[in-house]
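Please go through the structure shown here, with attention to its metal site and its internal cavities.

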Amino acid sequence: MTKQLPMPSPLPESIPIPKADPPEGMDLVAVPTGVNHRTAAYAYAGGSIFDKRDFYIGSALIKHPQGDLLVDSGFGRDIVKQIATMPRLFQKMTKYEVWKTAADQLEAAEYDFDRLSGILLTHAHWDHMSGIPDFPDLPVLVSRRDRAAFHNPEMFGNFRGYFQEIPFNWRELIFEGGPYLGFPRHHDVYGDGSIVCVPAPGHTPGSVIVFVTLPKQVRYALVGDLVWQREGLTRRVERPFPIRRLGDFDAEGNRQNILRMVSIMQRIPDLIVVPAHDQRAFAEMNPLPNVTTRGLTLSAQ
Ligand SMILES: [Zn+2]
Ligand SMILES: [Zn+2]
């Protein structure tokens, strides 16, 4: 019997749906760089081992007239070298497939790299950071707590030896704004409400969720690794216990944020929720032009 989390109480009516004034031309674009071969059983409690889920590894490109942002970076050009620095057991357990790195895809799409103002990390784990060195000097926006965790040798899951050589251009996110949809604080990147980060600690000490509102009020929530597949939220199930124990910094904190997101999804039913590894969610974004990767495929339900 899979343990379903209790239904959270609805967001109080006193909490408003925040206003956003997204500029014309703003867009959200999927940049898939490859997959990790996994199963639903790995992704969420009660998932089947026969339900193959190729985890999306990649980026989302937010186009904004004040500067584009890549949310996470997907597989980078050095992935083989990077993986070789990981513990042997990890290497054995990680079956990945690289399609095309974000930098290569942007080049193929004849993208103007000067438009990029930074890489915004949902959290500082290897599969979200591998591509950063392909964008030398580009600011890397990260929460203070994850930046600290990244330098903590106890932190699980980074190519430590490899990343030590990289001069990261860190920029710490400051959550100067007040409450936002039930989260205690927020950071409004361009001051127009179109890109808003909130701290959502649990999976890592400083994980963040990025709310993106496009013209016509099309709303997305990029939830990083809060859950690995949408079922974590739609069925209110956490990662399986052993994986939670190994992979989550604070499982209880993560659970609270899952429930908070469930309340938000009830309040905003057309919110498009994007777990960082769910291909189905990225299929609801525009693709880059002129790019041939193996493309997004829908996982089995
Ligand atoms: Zn992670
Ligand atoms: Zn991840």
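## Zinc coordination

In this predicted model, the zinc ion (ligand 1) has as its protein donors His 123 through NE2, His 125 through ND1, His 203 through NE2 and Asp 225 through OD, at 2.1 to 2.3 Å. Along the sequence these donor residues follow the spacing H-x1-H-x77-H-x21-D. The arrangement of the 4 donor atoms is irregular because the angles they subtend run from 88 to 170 degrees, whereas a tetrahedral assignment would require all angles to lie between 85 and 135 degrees.

Asp 225 also coordinates the zinc ion (ligand 2), which lies 3.4 Å from the zinc ion (ligand 1). Of the histidine donors, His 123 counts as buried because its relative accessibility is 1%, and His 125 is likewise buried, with a relative accessible area of 9%.

## Largest cavity

The structure holds 5 cavities of 30 Å³ or more, and the largest has a volume of about 70 Å³. Its lining includes Gly 58, Ser 59, Ala 60, Asp 72, Thr 122, Gly 224 and Phe 282, and by class it comprises 6 nonpolar, 4 polar and 1 charged residues. Strand S2 (52-63) and strand S11 (218-224) each supply at least two lining residues, with S2 giving the most, namely 3 residues.

## Second largest cavity

The second largest cavity, with a volume of about 40 Å³, has among its lining residues His 123, His 203 and Asp 225, which are also donors of the zinc ion (ligand 1). Strand S10 (208-214) and S11 are the elements that give two or more residues to this lining, which has 5 nonpolar, 6 polar and 1 charged residues.

Notes
Residues are numbered from 1 along each chain as its sequence is written. Chains are lettered from A and ligands numbered from 1 in the order in which they are written. This is a predicted model: local features need pLDDT of at least 70, side-chain atom pairs count only at pLDDT 80 or more; totals for chains, interfaces and linings use all residues. Side-chain values use heavy atoms; hydrogens and water are left out. Donors are N, O and S atoms within 2.8 Å of the metal (3.2 Å for Na, K and Ca); water is not among the atoms, so sites may look incomplete. Four donors count as tetrahedral if all angles lie between 85 and 135 degrees; four count as square planar and six as octahedral if opposite donors are over 155 degrees apart and all others between 65 and 115; anything else is irregular. Buried means under 20% relative accessible area, exposed over 50%, partly exposed in between (1.4 Å probe, protein chains only). On a 1 Å grid over the protein atoms alone, a cavity is a set of points where a 1.4 Å probe fits but cannot get out, and a pocket is an open set with protein on both sides within 12 Å along at least five of seven lines; lining residues have an atom within 4 Å of a point. Grid points are joined across faces, edges and corners, and a volume is the space filled by probe spheres set on the points. Helices (H or I, at least four residues) and strands (E, at least two) are DSSP runs, numbered from the N terminus. Ala, Val, Leu, Ile, Met, Phe, Trp, Tyr, Cys and Pro count as nonpolar, Asp, Glu, Lys and Arg as charged, and the others, Gly among them, as polar.
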